[in-house]
Amino acid sequence: MQLKNKNLLQTQAYIDGAFSSAASGATFPVTNPYDGSKLAEVADCGAEDTERAIQAAAKAFKVWRKFSAGKRARILKAWYLLQIENAADLAQILTLEQGKPLGEAKGEIRYGASFVEWFAEEARRIYGDVIPGHQSDKRIMTIKQPVGVVAAITPWNFPSAMITRKVAPALAAGCTVVIKPSELTPLSALALAELATQAGFPPGVINIVTTNKAPEVGTAMTASPIVRKLSFTGSTMVGKLLLGQCAATVKKVSLELGGNAPFIVFDDADMDKAVAGAVAAKYRNAGQTCICANRIFVQSSVYDDFITRFTVAVKEQQLGDGMTAGTVVGPMIEEKAVCSVEAIVSDAKDKGGLVLTGGKRSGSGSSLLFEPTVVANATRDMKVFTTEIFGPVAPVFRFETEEEVIEMANDTEYGLASYFYGRDYARIWRVAEALEYGMVGINTGMISTTVAPFGGVKHSGFGREGSKYGMDDYLEIKYLCWGGVE
Ligand code: SIN
């Protein structure tokens, strides 16, 4: 690694303001998905380390919650500025451990930092209410208070931004945090911890428990009566498990889970923009985001035109090492992810799907490179209709009417992101209202931003991240009823 700031490469857990090894002394390797080379050996923490981190966070909570909003805001702002200053190094760490192209990694660092800047500002706006009393001698007020110690379990697909999107509102609200990053991408998390020390967070406000034993650490977090809130981004299967585990201690929970995003192209869409939007919504991060277009639905009369242009655009997507200039699609995260995508494509082919480009590993450079793929003639009986693909494969379905496509789009247990292209303004409203999703992109394939509430419905989870709503999940409302005001 060619880092300007060598301190950003940390390999130990971050507990109570210091980097330390696991109590057991165990470590696990972190590798570059492109070539399998080892980047570092990282502390493999267990339940004992997690408990130490929770205790540190509980102690720090007593101090941090008493800081004025302005003081918390200034420390958060300093953390934001350090992330921007160190963006090149942070992006390099991210690409090496996760695989996404360097330009995209830089974008993620800026995106992640923007949550810290935004919530530094929001810290000063945790307002309560004065409510007209229900009796003449009564006065009623509400105040908002931090929930307490927060556990955050974050995924490998956005190793930096999914941490800041949870942690910044928690810290702004006055909570303290214990983070468990993915075992595949702990280095980005630890780099953020190094910058947090420089920014001036008191010890114990931010803790990071790195581990290759996710069930043990997750259980220690969910079983702890001290942890008052769990925020998780990951698969629906694990989310349901964690939700069940949180029941015994009645924790507040936010879940950002899987998706099966429809991307609809109506006959009056601007075709150039629809093609560009589909490419952006499908192939970002090699198709490994929860909001990637999963099922592309195109109206019959424009199907052939769309699929011809789309295939040309997909063929131009350069596949390769994320560290090489010009790469726009990097390797997938691990072997089992590629195997899952291979199985999905083979199922589609068996059922009459036509692979217009891609459909296989690239055969050179890295075994985890899967070619950007387009499957025409996709149908509802294929796995691509029901499964979150999480890879660079775009199945394209045909539809005739608005009613038919709404029914198909909503025929899934997921409800995270959805997209459509069209110009008829009445239809735009009808479709936007009918889609059973937490987020709708209208004539755009890029919907992620700090200023909007990110989150889903149905089995995609609950809670919102970012925007003016993002802090609500880290606050409790308390109501004060004053009597005897004669
Ligand atoms: C995700 O895939 O979970 C996050 C995507 C985003 O924030 O854009």
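Biologist: Let's fix terms first: Ala, Val, Leu, Ile, Met, Phe, Trp, Tyr, Cys and Pro count as nonpolar, Asp, Glu, Lys and Arg as charged, and the others, Gly among them, as polar. With that, how many residues of each class are in the lining of the largest cavity?

Modeller: Keep in mind that this is a predicted model. The lining of the largest cavity has seven nonpolar, four polar and three charged residues.

Biologist: What volume does the largest cavity have?

Modeller: About 100 Å³. There are 14 lining residues, and F158, M162, R165, E256 and F454 are the closest to the centre of that cavity.

Biologist: Where does the largest cavity lie relative to the domains?

Modeller: Between domain 1 (6–258 + 460–479) and domain 2 (261–411 + 417–449), because both give residues to its lining.

Biologist: And how many cavities of 30 Å³ or more does a search of the whole structure find?

Modeller: Three.

Biologist: OK, pockets now. What's the volume of the largest pocket?

Modeller: About 1200 Å³. The lining is made of 37 residues, and W156, F232, G234, S235 and V238 are the ones nearest the centre of the pocket.

Biologist: Which elements give two or more residues to that lining?

Modeller: α7 (214–223), β10 (227–233), α8 (236–246) and α11 (335–350). The largest share is from α8, with six residues.

Biologist: How does the pocket lining split by class?

Modeller: Into 19 nonpolar, 13 polar and five charged residues.

Biologist: Why does the largest pocket lie between domain 1 and domain 2?

Modeller: Because residues from both domain 1 and domain 2 go into the lining of the largest pocket.

Biologist: Switching to the ligand. How many residues surround it, and which are the closest?

Modeller: There are 13 around the ligand, with Y111, R165, R284, C290 and S448 the closest. You've met R165 already, as one of the residues closest to the centre of the largest cavity.

Biologist: How far is a polar side-chain atom of R165 from an oxygen atom of the ligand?

Modeller: 2.9 Å. R284 also places a polar side-chain atom 2.9 Å from a ligand oxygen, and for N157 the distance from a polar side-chain atom to an oxygen of the ligand is 3.3 Å.

Biologist: What percentage of the area that the ligand exposes when taken alone does the protein bury?

Modeller: 100% of the 260 Å².

Definitions and conventions:
Residues are numbered from 1 along each chain as its sequence is written. This is a predicted model: local features need pLDDT of at least 70, side-chain atom pairs count only at pLDDT 80 or more; totals for chains, interfaces and linings use all residues. Side-chain values use heavy atoms; hydrogens and water are left out. On a 1 Å grid over the protein atoms alone, a cavity is a set of points where a 1.4 Å probe fits but cannot get out, and a pocket is an open set with protein on both sides within 12 Å along at least five of seven lines; lining residues have an atom within 4 Å of a point. Grid points are joined across faces, edges and corners, and a volume is the space filled by probe spheres set on the points. Helices (H or I, at least four residues) and strands (E, at least two) are DSSP runs, numbered from the N terminus. Domain bounds come from an automatic or database domain assignment. A residue is near a molecule or strand if one of its heavy atoms lies within 4 Å of it. A polar contact is a pair of N or O atoms within 3.5 Å; within protein, one must be able to donate a hydrogen and the other to accept it, and residues adjacent in sequence count only if both atoms are side-chain atoms. Accessible areas come from the Shrake-Rupley method with a 1.4 Å probe; for residues, only the protein chains shown count as cover.
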